[in-house]
Structures are given as structure tokens and as C-alpha cells.
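Good morning, and thank you for coming. I would ask you to look at the sequence and the structure as I show them, and to follow along as I point to individual places.

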Amino acid sequence: MPETRILQAIDDDMKDAVREATALLRAGEIVALPTETVYGLAADALNPSAVAKVFAAKERPSFDPLIVHIASRGDLKKVAIVPAEIAETVAKLTATFWPGPLTIILPKHPDIPDLVTSGLPTVAVRQSAHPVFRAINKELDRPIAAPSANRFGRISPTSASAVMKELGGRIPLIIDAGACAEGVESTIISIEPRDGKKPVFRLHRAGPITKEQLQEFGKVEKVKEKTGDLPHAPGQLPSHYAPLTPFILLENPEDFKPEPGKKYGLISYRGEDDSPYVNLHDWETVESLSPGSGKLAEAAIRLFFVMRLMDEAGLDAIIAEPVSETGLGVAIMDRLRRAAG
Ligand code: TXA
Ligand code: MG
């Protein structure tokens, strides 16, 4: 593989970047693209050999299915078969949350290759809200399979430079549109109809669309994680988003037992001087997820960036302070727990 190029897709450069990315995708190549959640590694979803390149570049096991992205709501019928019992619910959800960070698991259309869905009878679908991703998806006029653009099990990239660190030398092109607006991967649900009542949404992965937002349309239940069985969403494997540095989610400050001579870094929520976490130890370095104000949306945007920064800081361990587990905080805590394995 030749060098990985980075093309800017900002302002005047957008058209050229869209044209080049689309041409490569059409030729069966893989390209890293920005989405509103995290950067994705894109391939033509209808081209199995292109999809195989995604698995190879990520070193992703073939049992872990990919999300399929569509350019318009009208394209849903080309990738999935929506059962009549849930058609109204799907219409409401997509009208409300698409384009956006909600992925819905539905019975798959026969045109979608088995490689994309890892042989499952279902396909995970979303419509990205990112203007550059949307333009490429529309121009290609085919569904795009795109997992997060990191090596398997590692931290998801929220910038082009993070993609370069993960996949540089393995892919021909990265389209750079700056930092991602959401910062954590899409919410994933499946839908179970309930006769005459609101449906049940199985939450496979917490994300930017919160339980509170979904509750208007149905009852939200978390998918129970099984061990020893195929996971429902391997992004939900207990150890995921893993920094190379030991990572500890410190739910109680009293539990911190530092070893002498070791270097510890703190990921703090607000990073304020009077925080019990900031005062707990003479930290080598402190990074805040939402400096001062403590906004969950800002914490989500900065989460993977800060985790990556800490991982590169030569520490013996990274200690993370919990955030409140409401709204977007559920998705953040989910990622922190998984990073801690
Ligand atoms: O925000 C996102 O969803 C990003 C951007 C690029 O769109 N994509 C993303 O993809 O996070 P990935 O592959 O890193 O995570 C997709 C998750 C995986 O955990 C996978 O197992 C699950 O979705 N998944 C895909 N198809 C599925 C299916 N048919 N049933 C259950 N889980 C599925
Ligand atoms: Mg991923």
C-alpha cells in the first residue's frame, strides 16, 4: 500500500474531495470519511471485495458486522425489508432522527452481501448527517458500509490525524473535515413490535440519541450482554475502545491506591481545582472532558481525543473520573467502562 493521503474537505476543497473519494469507492477502494459521530472506514456496501478490504485494514474479525449508511430515507428499502408490524415506528423514528446518529437493526435486503452483516439475517442502517459524508453517499448512489476507522478494539477516531495514527499506510485516502460534532458512535437499536401497544426498543449500544429521546416512541430496554456467546453488537464486547496504557474508571476516589514512583494521569469531568478527583493525587497530567462548565455534550466530543492524548503521554496508568449517568452520560460511561475492560 502506498502512502495514505489526506484531502481537506472544507469550504472550496469540498467538491474535489467528494469527487476523489467517490471515484475511489466506485473503483472498489476503501476511504476514511468524516461522519457526525466518529470517522468511518467506508466501502461500497454492495461490493464484497471492497468490504473485505475494510475487515483487513481494521484487522476486524469477520463475525463483527458493519453498519450500512444510506443517502436518503427513500433508500432504506434498498438495504432492508421493514416488517409491516414496525413500519409505522420506523417511519416515525427515521423522520425524527435521520439524518443523524441513530442506527436501526432491521431484516436485511438480499442485495446486501453476507460479509457486511457477518451472515446475520439483519442489517444495521443509518443515514449520516455529516454534509461531506452525505455528499459522497449521494454521489456514489450506493449504500456505504462503514465501521469506525480504527484498528479493531482500539479508540474510535474523531479527527483525520487520529485516523492516520490508526490506519496510516493501510488505506489510500482520508477525507479531513475537522473534528466530529458528536464524538461518540451512533445509538444502535432493534425494534420489537407489541400488539396494540408501543414497541420495545432493544438498546444494543448507547449513543448520542438518548433513552429519553427514544422513550417518546417506545419502551427502551438494554440488551443483556451474554458471555461465551456471539455478542449482539461486538462494539459491546466488555473490552473495547482500549488504550494501550492501563485504564481505570475510578468510581470511588477512596479506592485509588497509587504505587510509589508510578506516573498517573487523570481524565477529569470538569477539572476544577476543588474537585475531589483533581485533589486526590499529584497527577502527572490532568485533562478535562468539559473544562469548567461540565457539559455532557462537550465531554462526548472530547472523550476519544482525550483518551488518545493520555494514551500517548507515557503514563503507567490512566485514571478516569465518572460522569453523571443521565442522557448522553450513559454513552460516555459505557465507553469509559469498556476502555477499563
Ligand atoms: O456512529 C457510528 O455508528 C459509526 C459511524 C462510522 O457511522 N460506525 C460505527 O461502526 O461505530 P462500528 O462498526 O465501529 O460499530 C458498529 C456496531 C458493531 O458493534 C457491530 O457489531 C454492530 O454495530 N452491528 C452491526 N450490524 C449489526 C447487526 N445486524 N446486529 C447487531 N449488531 C450489529
Ligand atoms: Mg467501532
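**Two loop residues, one helix and the overall fold**

Asp141 counts as exposed because its relative accessibility is 57%, and the cut-off for that word is over 50%. Please keep in mind that this is a predicted model. Where along the chain does Asp141 lie? Asp141 sits in the loop between α6, residues 131-140, and β7, residues 144-145. The backbone deserves attention here as well: phi of Asp141 is near 60°, a positive value in a residue other than glycine.

A second aspartate can be described in like manner. Asp11 is located in the loop that runs between β1 (5-8) and α1 (14-26). Phi of Asp11 is near 50°, which is again positive in a residue other than glycine. Is Asp11 buried or exposed? With a relative accessibility of 66%, Asp11 counts as exposed.

Let me now turn to helix α4. This helix covers residues 84-97, 14 residues in total. From its first C-alpha to its last, α4 reaches 20 Å, close to the 20 Å expected at 1.5 Å a residue. Which residues of α4 are buried? They are Ile86, Thr89, Val90, Leu93, Thr94 and Phe97. As a general point, an α-helix has 3.6 residues a turn, so residues three or four places apart point the same way. What do the buried residues of α4 pack against? Their partners are the helices α3 (76-79) and α8 (211-214), together with the strands β5 (102-107), β9 (187-194) and β10 (197-205).

Beyond α4 there is a cis peptide bond, which joins Trp98 and Pro99 with omega at about -5°. Pro99 belongs to the loop between α4 and β5.

Finally, we may consider the protein as a whole. Its secondary structure comprises 10 helices and 15 strands. The radius of gyration is 20 Å, close to the 20 Å that the globule rule gives for 341 residues, so the protein is as compact as a globular protein of that length. Along the principal axes, the C-alpha trace spans about 60 × 55 × 40 Å. Buried residues account for 54% of the 341 residues. Of the contacts between residues at least 6 apart in sequence, 66% join residues at least 24 apart. The protein exposes about 14800 Å², and carbon and sulfur atoms supply 52% of that area. As for charge, there are 40 positive and 46 negative charges, and their mean positions are 6 Å apart.

How values were computed
Residues numbered from 1 in each chain as written. Chains lettered and ligands numbered in written order. Predicted model: local features only at pLDDT ≥ 70, side-chain atom pairs only at ≥ 80, totals over all residues. Heavy atoms only, no water. Helix = DSSP H or I, 4+ residues; strand = E, 2+ residues; numbered from the N terminus. Rg over C-alpha atoms; globule rule 2.2 N^0.38 Å. Buried < 20%, exposed > 50% of the residue type's maximum accessible area, 1.4 Å probe, protein only. Contact = heavy atoms within 4.5 Å. Areas by Shrake-Rupley, 256 points an atom, 1.4 Å probe, with all protein chains shown as cover. Lys, Arg positive; Asp, Glu negative; His and termini not counted. Charge placed at Lys NZ, Arg CZ, Asp CG, Glu CD. Expected span 1.5 Å × (residues − 1).
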